[in-house]
Amino acid sequence: MESMLNKLKSTVTKVTADVTSAVMGNPVTREFEVGRHIASGGPGLCWRIYNGTKKSTKQEVAVFVFEKKTVDKYPKFEKDQIVDSLKRGVQQLTRLRHPRLLTVQHPLEESRDCLAFCTEPVFASLSNVLGQWENLPSPVPTDIKEYKLYDVETKYGLLQISEGLSFLHSGVKMVHGNLCLENIILNKSGAWKIMGFDFSISSTNPSDAEPKYSCKEWEPNLPPLCLPNPEYLAPEYILSVSCDSASDMYSLGVVMHAVFNEGKPVFQVNKHDIFKSFSRQLDQLSTMSPALLNKIPEEVREHVKMLLSVTPNVRPDADQMTKIPFFDDVGAVTLQYFDSLFQRDNLQKSQFYKGLPKVLPKLPKRVVVYRILPALNSEFVNPDMVPFVLPNVLLIAEECTKDEYVRLILPDLTPVFKQQEPVQASNMILLIFLQKMDLLLTKTPAEDIKSSVLPMVYRALEAPSVQIQELCLNIIPTFANLIEYTSMKNSLIPRIKSACLQTSSLAVRVNSLVCLGKILEYLDKWFVIDEILPFLQQIPSREPAVLMGVLGIYKCTFSHKKLGIPKEHLASKSLPHLVSLSIDNNLNLNQFNSFMVVIREMLSRMEAEHKTKLEQLHVMQEQQRSMTPGQQSEETKSPPSTGNQIDDIFGSTGVNGKENGAAASAPQPNRMSLTLEEKQRLAKEQEQAAKLRNQQPLAPQTMKPANTNNSQTKDLTSSLLNSMTSLNSLSLANSARPAPVQGTTIAAFPSPSPMMGTIGAPVSNGFNPTMGFQTGGMGMGMRPAGPGLYGGMATTTSTPNFGALAQNQGQIGQANKAPDMSALDSLFTPSQPKVTLNQMGPKPTPGTNTPWLNQFGSAQNAQTQMQGASVGMGGMPSGFGMQANPFFSPQNFAQPSAAPSLNQSGIKQSASVNNDLKDLFG
């Protein structure tokens, strides 16, 4: 990157140094800024051509510079001759003024190092365009290297040169003397201009009808810059030392040959033996071969052959050449007409401009943009001609790129946007611009659209002409998508509404409504509801066309997927307005039916939407009622506990599927509303329940009990066995069971009996979702030792149902052997030698039935119904572990032989343990 910057810097420095050294000290630099080197021209391409601008007016010019150091190789005498010859040519050109001659903007100035003068802007010389690149900047500019002449440019260029020669021969009585490719300059617009009058010869008798010209003898010893180009000279100039206007016509023939042959003249001349070369050339011209002219177009080939004739009298003169059929091309004639446009009156111009759109598509873009467009733009200063010129300019703009449009067209169009005088021309200009509005909005920058284009549209909406208003309203929807939304909302829509309300023309009012209906899709929904729909009620007239336009806007707004009308607006404003309009006496049957179709659609949608809303509200109310079931009046109760809060959401059930408590059997009235505190409590409980449902289940973990000595273990076991002896006799007492209390919850420690009490409230274990225990109750299931007993949880299918104990009365006598209690070994500390439960428990007498163990044997068929996930009952450090429960003793499972006699009352006997515990421990 740095190397590229250094290279660029060196190039710029070199160019700046070249320019500075070339014109340093020359008086031209006082008034003109010299730019970059662009081309070369003049005799031997000795003049360097630079871009330039005039300091005072910023007008673009071309600066021709001849550096004297290029001829330092010659002796001073010859060097002075070269400089004098060049000075004479420029001075002669400065005195001549004609459209076909290069226009001099500043006369020749001489300094110690260079000669310089300024002309109209120049592109290059014809020699550069045809491939001769001497004295050009390095590298050769791309625009010159890739420049190709179009047929229309070639034809009209040769016609221009012919006209220039006609002016010299007939008007000035002068022979150019050195007409060649180097002395033909293409200006910025592509016109061909003549320069290089270094060897021009004026008539010795200008007042006579037959001018006479004195010719100098050829001096081969002079420097080349002091002699004309011999390849373009007529034979008589060398051989007979005579010349006249026909000599220039021969040069024109050679130029035409070179143009069609890539810049090559007819013959190559040996400058060291020029007389011999011309003698040989004379013989070849006398017997010209057809192959010599085969690249020249057939329609002009015969004329070129005549121009190259050895006999001067046979050659056509310049005036005759301008009238040959070859130059009757449509493009050439059009360009010629533009060059003479200043001579025409407005009527002739208007007729020409009307037919121009048919010709422009046939011309190359470069010719149109750089030759025709400047001439058209110059006509904008004539207000009467603008309506005729503007369509052609906009037609050219369609073919231009955005950059070309902004650079070449927009600066001249900006004043036309604001033109309001004369009124008739202004109205025509508005119509033309409106028809091309899509082009203007596409290629014009946003700032210019706001400052120039849209104000013109607003002016058209406010114009007194009904025709302009109608056209504007019809065209606006075609480019509405290109208008900025803020401009449309704040400027365009208010003017359309104003035009609709204030006009006395029915057509304008209807077109305003149609225009609004077409641009609704580009507007915001609420803007339409707040601004457009209320405006419809302000329209005073009741003509059928206006009413149908109003209906159309309602229908478009109602049915458009982006817009739509809310049901509240439908009910309160839209439908009442439409219903009142629908019964207008001016409407016919079809129009009335159209109104009714839209009204029915609105009613149907309003009904469907409101019905859906009410259904949703009903469902939400029902859900709320189901989440808050009937409870006893809270005014007479203390604040509910956590269990009661969960009961409010999930309900509560008791044993055997019956509703918990006597009061629950009767339906309770639902509360219609909740206080703020209750709603907050419910929301928190629902959120907690959702978190628990989404929580991952706890993985089983094996907890290794701490090591203890044997003595402590034995003492603890003996203590537990002794402490529970009295409870064993109480567990099968025949006392009556108390009725279950509604709303009771599980205590921190389980009851001595294996969870036989009724559970009347939902239970949450802190890890799983809240559960409501159903009729089966919950029991501590005894399972074989396995890894699940360390940290697992009893599932609903493995929990025994002690409520089925009464059904096992018939099986009491079937189990006579002592129960195997080894399955409970894993519940005690395994670090010391284990004392099995079989050893700790008292041995039952043979034949003694144990209903508790029978109950465990049949527990697989008993199910515990739970809501939510499974509840873990083991593996916890406190609360539910068997070792941590002081009331859990293996002796409860080994009953004495008298047990069957105590169990005759069934399940009611085992349920009395709760009351026993209350009596013992308060």
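Me: In β8, which residue is the bridge partner of valine 122?
Reply: Strands of a sheet pair through backbone hydrogen bonds, either parallel or antiparallel. In this predicted model, valine 122 has asparagine 187 of β8 as its bridge partner. Further along, serine 125 stands opposite isoleucine 185 in β8. Strand β6 (residues 122-125) and β8 pair in the antiparallel sense, over 3 bridges.

Me: Which strand does β8 join through leucine 186?
Reply: Leucine 186 has tryptophan 192 in β9 as its bridge partner. Strand β9 (residues 192-194) runs antiparallel to β8, and 3 bridges join the two. The hairpin of β8 and β9 has 4 residues between the strands, and glycine 190 there takes a positive phi near 95 degrees.

Me: In what order do the 3 strands of this open sheet come?
Reply: The order is β6-β8-β9, with antiparallel pairing. β6 and β9 are the edge strands, each with a single partner, so one side of each has no neighbour in the sheet. From one strand to the next the twist averages 35 degrees. Helix α6 packs on this sheet, touching β8 and β9, and its direction makes about 25 degrees with that of β9.

Me: Are the faces of strand β8 covered or open?
Reply: In a regular strand the side chains alternate between the two faces of the sheet. In β8 (residues 184-187), both faces are covered. Ile184 and Leu186 are buried on one side, and Ile185 and Asn187 are buried on the other.

Me: How is the open sheet of 5 strands ordered?
Reply: Its order is β1-β2-β3-β5-β4, and the pairing is antiparallel. β1 (32-41) and β4 (104-110) stand at the edges with a single partner strand each, so one side of each is left without a neighbour in the sheet. Neighbouring strands here are turned by 25 degrees against each other on average, direction ignored.

Me: How many bridges pair β3 with β5, and what packs on the sheet?
Reply: Strand β3 (residues 60-67) pairs with strand β5 (residues 114-119) over 6 bridges, in the antiparallel sense. Within that pairing, phenylalanine 66 has leucine 115 in β5 as its bridge partner. Helix α3 (residues 76-95) packs on the sheet and touches β2 (47-54), β3, β4 and β5. The direction of α3 makes about 155 degrees with that of β4.

Me: Which residues of helix α12 are buried?
Reply: An α-helix has 3.6 residues a turn, so residues three or four places apart point the same way. In α12 (residues 330-339), the buried residues are Gly331, Ala332, Thr334, Leu335, Tyr337 and Phe338. The buried residues of α12 pack against α6 (151-172), α13 (346-359) and α14 (365-377). At the N-terminal end, aspartate 329 caps the helix: one of its side-chain oxygens lies 2.9 Å from the backbone nitrogen of glycine 331.

Me: Which residues touch the most other members of the largest nonpolar core?
Reply: They are Trp47, Ile372, Leu413 and Phe433, in a core of 178 residues. Leaving aside neighbours within four places in sequence, isoleucine 372 is in contact with residues including Thr334, Leu335 and Phe338. A second, separate core has 13 residues, among them Tyr237, Val269, Ile274 and Phe278.

Me: What is the mean pLDDT of the protein?
Reply: The mean is 75, and 68% of the residues reach 70 or more. Residues 12-17 have pLDDT below 50, and beyond near neighbours in sequence this stretch has 0 contacts in the model. Residues 648-672 also stay under 50, but the model has 61 contacts for them beyond four places in sequence.

Note on methods
Residues are numbered from 1 along each chain as its sequence is written. This is a predicted model: local features need pLDDT of at least 70, side-chain atom pairs count only at pLDDT 80 or more; totals for chains, interfaces and linings use all residues. Side-chain values use heavy atoms; hydrogens and water are left out. Two strands pair if DSSP finds at least two bridges between them. Axes are lines fitted to C-alpha atoms, for helices over the stretch in contact, and angles run from 0 to 180 degrees between N-to-C directions. Contact means heavy atoms within 4.5 Å. Buried means under 20% relative accessible area, exposed over 50%, partly exposed in between (1.4 Å probe, protein chains only). A nonpolar core is a set of buried Ala, Val, Leu, Ile, Met, Phe, Trp, Tyr and Cys residues joined through side-chain atoms within 4.5 Å. pLDDT is the predictor's confidence in each residue, from 0 to 100. A polar contact is a pair of N or O atoms within 3.5 Å; within protein, one must be able to donate a hydrogen and the other to accept it, and residues adjacent in sequence count only if both atoms are side-chain atoms.
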